[in-house]
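Biologist: I want the reasoning behind each label here. Show me the model, then defend your terms.

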Amino acid sequence: MNFSNLIKIAVRALVRNRLRAVLTMLGIIIGVASVIAMLALGEGSKRSMRQEMSNMGTNMIMVMPNFMRRGGVSLGSSSSMALKMSDVEAIRNEAVNVAAVSPEVRASGQIIYGNQNAQSTIYGASEEYMEIRKLNIKTGRVFTSQEVKSMAKVCLVGQTVIENLFGEGVDPVGFNIRITNIPFLIIGTLEEKGESGMGQDQDDLIVAPYTTVQRRLAAIDYINGIYASATSEEKSPEAITEIEEILRRTHKLNDSDENDFRIMSQSELMSTMTSITDIMTYLLGAIAGISLLVGGIGIMNIMFVSVTERTREIGLRMSIGGRGKDILRQFLVESIILSILGGLLGIILGYLIAKGAGSLMDTPAYVQSKAVILAFIVCFIIGVFFGWYPARKAASLNPIDALRYE
Amino acid sequence: MEKTIIKIAGLRKDYHIGEVTVHALRGINLSIDRGEFVAVMGMSGSGKSTMLNILGCLDVPTKGEYWLDGVDIRTLSKDQLARLRNQKLGFVFQAYNLLPRTTALENVELPLFYNSQVKSKERKERAIRALEAVGLADRMHHMPNQLSGGQQQRVAIARSLVNDPVMILADEPTGNLDTRTSFEIMELFQDLNERGRTIVYVTHEPDIARFATRNVVFRDGLIQRENMVTERLYARDVLKNLPVENIEEFETK
Ligand SMILES: Nc1ncnc2c1ncn2[C@@H]1O[C@H](COP(=O)(O)OP(=O)(O)OP(=O)(O)O)[C@@H](O)[C@H]1O
Ligand SMILES: [Mg+2]
């Protein structure tokens, strides 16, 4: 049998069994589409997370008091007061691999402007804080070291705070607001940062001199954290070691004592985040794999259900002169056509689903060619195998046995 | 050309079903000459279909010789057998065995698809000619389920003719048909036989067997007797003398 006859026979057989062909293809389409969509969403969120992380500065180092020690038993409030302004000074003066350092003092409270009010967090910091945390000024200016020293009642506001208090698009520089009843002058606004990877609003903040926040708002003499930036990303590990040594000394810890602080670096955080999104990708991949399996079982089911009719067809074809290999080739071509067609439709559908779901969930989906190829190959193999396998059995029968099959 | 087209000797066919062995054929010797028109008769289960399937190379004997057109079929591979079926034999089944959801024309074309010498234009022409020969030129594009039993059987006969076989084998071709349609099928076979084709068919009805030139009667897997048909019937005459009303009266009684 020549090639054009082969194609003609296969196409006729497919058209004759339209419903079966469509159902088989549906299995392949669903399988391919789900694998592609799932992996695209996983990869997309991973990428946007990574993007965001590097926006936050890859050489940032954070120091937090260590609340939890020994089997998760909290050692009470004293440990949360472990960090002092003197620690910041020590780091600033001694650590050579640290470019900038700032304390962080947090307070939350009610913000009032006219008859509007909102709840927000006030971050007390020194002027270096802006650069370390990659916060940019949109309008106005940052407070000066002089203002920090003099406990000036000035602040910078984030976009969410502006929206809540003044309405969108208003530039509130020069306005007076009250934070827990203490009047503050707005001297600058912060550029929008959007949501963080964990869904946190990064624009709902007010930044003020740490001295002001510490004394006037929080009424404490310790600080909540230290933010530093290494001179470069590569120097980050050395900077961390330095900071650790300095803090152990200033905290007068013996060699046997555990740290009463925790140091985290952005690159460390990033690898944690990456492994989280990796797990998510694997999870999505597993779901996709299951739907692939379901699709495959669907194909199998349809093929086996139609085996009786097809075996008779094979018997007839053999009785009028079809050779075993003619029959096998016909079935192979049939399933290749179905798999390719189904695979292509599946790729298109998967792409559309990924884009649609991505824009709904606000994570850009990223369709990797790797995923497309993987999904296609798997479905192709399933489709071709289950199209070909029953045919192989039937083609090995005597024509009369195939004709009598039930 | 040799006179004998079929020669079988000591042909046996056993079926094993679990512990039980069914001896469907128990040593058949038979030879059929080119151009003969043979009717195979016998009780149900006597092995007629089994033998016809072996003659048509659809099945293989357990033991014994089968020479078809001077070729020992035991020496042929599966592919060579397929080629033989494709180019020398035409088989008509009692159950028609047409491809469902496929037009009469495409059904008749089917054997020619497996013959790479036949180009697509010729394939179609030959299929149309075969359908014309069985009187179904106007039903070419009908599906099997749009045709009556007799028409489906005629499509099946057209399919067996289309490759211009030297021999046509038919297993109870009139088994499901009424008297008149049976005679029409016989007329078709007699026409084909007159034009030189060897025909072997199985039938239960003594009347239908009288259209042949020779009868072979089976019993329990053996040939019980063979005889030449003395008062042969000619379907053309029989149909002429068969008034339409009579049949209807007969059938409504
Ligand atoms: N595939 C098979 N498996 C097992 N036994 C079979 C098979 N085909 C036929 N037989 C047995 O072989 C014997 C002959 O069967 P065959 O079909 O040749 O009879 P037949 O003469 O054509 O009968 P009928 O007139 O009813 O069609 C029967 O006993 C039957 O049961
Ligand atoms: Mg029979």
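Modeller: Start with a cut-off: a polar contact is a pair of N or O atoms within 3.5 Å. The model is predicted.

Biologist: What makes B:G47 a polar contact of ligand 1?

Modeller: A backbone N or O atom of B:G47 lies 3.0 Å from an oxygen atom of the ligand. The limit is 3.5 Å, so the pair counts. The protein buries 70% of the 630 Å² that ligand 1 exposes when taken alone.

Biologist: How do you know that B:G45 is in polar contact with ligand 1?

Modeller: A polar backbone atom of B:G45 is 2.8 Å from a ligand oxygen atom. That is within 3.5 Å, so it qualifies.

Biologist: What does A:R404 offer ligand 1?

Modeller: A polar side-chain atom of A:R404, 3.2 Å from a ligand nitrogen atom. Ligand 1 lies between chains A and B.

Biologist: Which element gives the most to the shell around ligand 1?

Modeller: Helix 1 of chain B, with 3 residues. Strand 1 (4-17) and strand 2 (20-33) of chain B each supply at least two.

Biologist: Why is the pair B:E106 and A:R12 called a salt bridge?

Modeller: The closest N and O atoms are 3.6 Å apart. The salt-bridge limit is 4 Å, so the name applies. Across the interface of chains A and B, the rule finds 4 salt bridges.

Biologist: How much area do chains A and B bury between them?

Modeller: About 2500 Å², 53% of it on carbon and sulfur atoms. On chain A's side, A:R12, A:R16 and A:I320 supply 25% of the area buried against chain B.

Conventions:
Residues numbered from 1 in each chain as written. Chains lettered and ligands numbered in written order. Predicted model: local features only at pLDDT ≥ 70, side-chain atom pairs only at ≥ 80, totals over all residues. Heavy atoms only, no water. Near = heavy atom within 4 Å. Polar contact = N/O pair within 3.5 Å; in protein donor to acceptor, adjacent residues only side chain to side chain. Areas by Shrake-Rupley, 256 points an atom, 1.4 Å probe, with all protein chains shown as cover. Helix = DSSP H or I, 4+ residues; strand = E, 2+ residues; numbered from the N terminus. Buried area = accessible area lost by both parts, 1.4 Å probe. Salt bridge = Lys/Arg side-chain N within 4 Å of Asp/Glu carboxyl O.
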